[in-house]
Amino acid sequence: MTINDLFINEQIRDKEVRVIGLDGEQLGVMSIQDARKVAEEAGVDLVKIAPNAKPPVCRVVDYGKYKYEQLRKAKEARKKQKTVEIKEIRISPNIDTNDLNTKINAARKFLEKGNRVKVTMRFRGREMAHMGASVHVLIDFAKELEDCAVVEKQPKAEGRSMVMFLAEKK
């Protein structure tokens with residue numbers, strides 16, 4: 001439920017509600033008229049915070065202040081959230097050693113930044129007949145990175161390619 005979906009004061013249509021006071025203490029289950037009266041006497045609003053509960057939960061609180069606090073909490077949660085991207089590295093089965101080392105270094109950089117790495121080996125033409133013999137290239141790739149990475153998904157053939165996932169070692 002978003003901040004804008006909250007019902008306040010006269011928008012609340014339930015007969016009975018569970019009320020939480022200004023200091024967070026439970027005031028118990030009461031009729032909506034009594035709950036509005038409690039909020040009015042305190043000079044603040046009655047805000048429905050849990051509409052799906054039985055009975056619905058309302059809180060006696062200053063609505064503007066409550067809305068601001070909720071938005072601030074949501075902003076903090078987004079700030080602390082870390083998105084993990086999947087970076088893809090493509091190689092061919094007959095890749096040369098230096099080219100493989102370059103790709104390994106690129107994968108190492110991605111892993112150090114906290115991303116997952118998808119290593120894809122593409123097979124073209126006659127290479128398709130020797131897919132099984134090329135698994136060692138992916139295994140060597142993983143062995144070179146075993147100091148900073150762990151194999152999340154073992155090499156697996158998918159159509160014209162073979163895929164392996166690597167993740168940062170914890």
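Trainee: Is M131 buried or exposed?
Mentor: This is a predicted model, so read each value as computed from it. M131 lies in the loop between strand 7 and helix 4. Its relative accessibility is 13%. Buried means under 20%, so M131 counts as buried.

Trainee: Which residues does M131 contact, leaving aside its neighbours within four places in sequence?
Mentor: Contact means heavy atoms within 4.5 Å. One partner of M131 is S161, a residue in strand 9. The full list for M131 is F123, A157, G159, S161 and M162.

Trainee: How far apart in space are M131 and R18?
Mentor: Take the sequence first: M131 and R18 are 113 residues apart. Then go from C-alpha to C-alpha. The distance in space is 65 Å.

Trainee: What span does the C-alpha trace of the protein chain have along its principal axes?
Mentor: Start with the radius of gyration, which is 29 Å for the protein chain. A compact globule of 170 residues would have one near 15 Å. Along the principal axes, the C-alpha trace spans about 80 × 30 × 20 Å.

Trainee: In what order do the elements of the protein chain run from the N terminus on?
Mentor: Count them before ordering them. The chain has four helices and nine strands. From the N terminus on, the order is β-β-β-α-β-β-α-β-α-β-α-β-β.

Trainee: Why does S161 count as buried?
Mentor: S161 sits in strand 9. Not counting residues up to four places away in sequence, S161 touches T120, M121, R122, F123, M131 and K156. The cut-off for buried is under 20% relative accessible area. S161 counts as buried because its relative accessibility is 10%.

Trainee: What relative accessibility does I91 have?
Mentor: I91 is placed in strand 6, residues 86-91. Beyond its neighbours within four places in sequence, I91 is in contact with residues including K103, V119 and L138. I91 counts as buried, and its relative accessibility is 3%.

Trainee: What separates the C-alpha atoms of I91 and R116?
Mentor: Along the chain, I91 and R116 are 25 residues apart. In space, their C-alpha atoms are separated by 17 Å.

Trainee: Which residues touch the most other members of the largest nonpolar core?
Mentor: That core holds 21 residues. Strand 6, helix 3, strand 7, helix 4 and strand 9 each give two or more residues to this core. Apart from it lies another core of 11 residues, among them V17, V19, I32 and V44. In the largest core, the residues that touch the most other members are V119, F141, L145 and L166.

Trainee: Which residues does L145 contact, leaving aside its neighbours within four places in sequence?
Mentor: L145 belongs to the largest nonpolar core. One contact of L145 is L166, another member of that core. The list for L145 is I104, A107, R108, L111 and L166.

Trainee: Where is the residue P55 found?
Mentor: Look at its peptide bond first. The bond from K54 to P55 is cis, with omega near -10 degrees. P55 is found in the loop between strand 4 and strand 5.

Trainee: What is phi of N9 near?
Mentor: N9 lies in the loop between strand 1 and strand 2. N9 is a residue other than glycine, yet its phi is positive. The value is near 40 degrees.

Key:
Residues numbered from 1 in each chain as written. Predicted model: local features only at pLDDT ≥ 70, side-chain atom pairs only at ≥ 80, totals over all residues. Heavy atoms only, no water. Rg over C-alpha atoms; globule rule 2.2 N^0.38 Å. Buried < 20%, exposed > 50% of the residue type's maximum accessible area, 1.4 Å probe, protein only. Core = buried A, V, L, I, M, F, W, Y, C linked by side-chain atoms within 4.5 Å.
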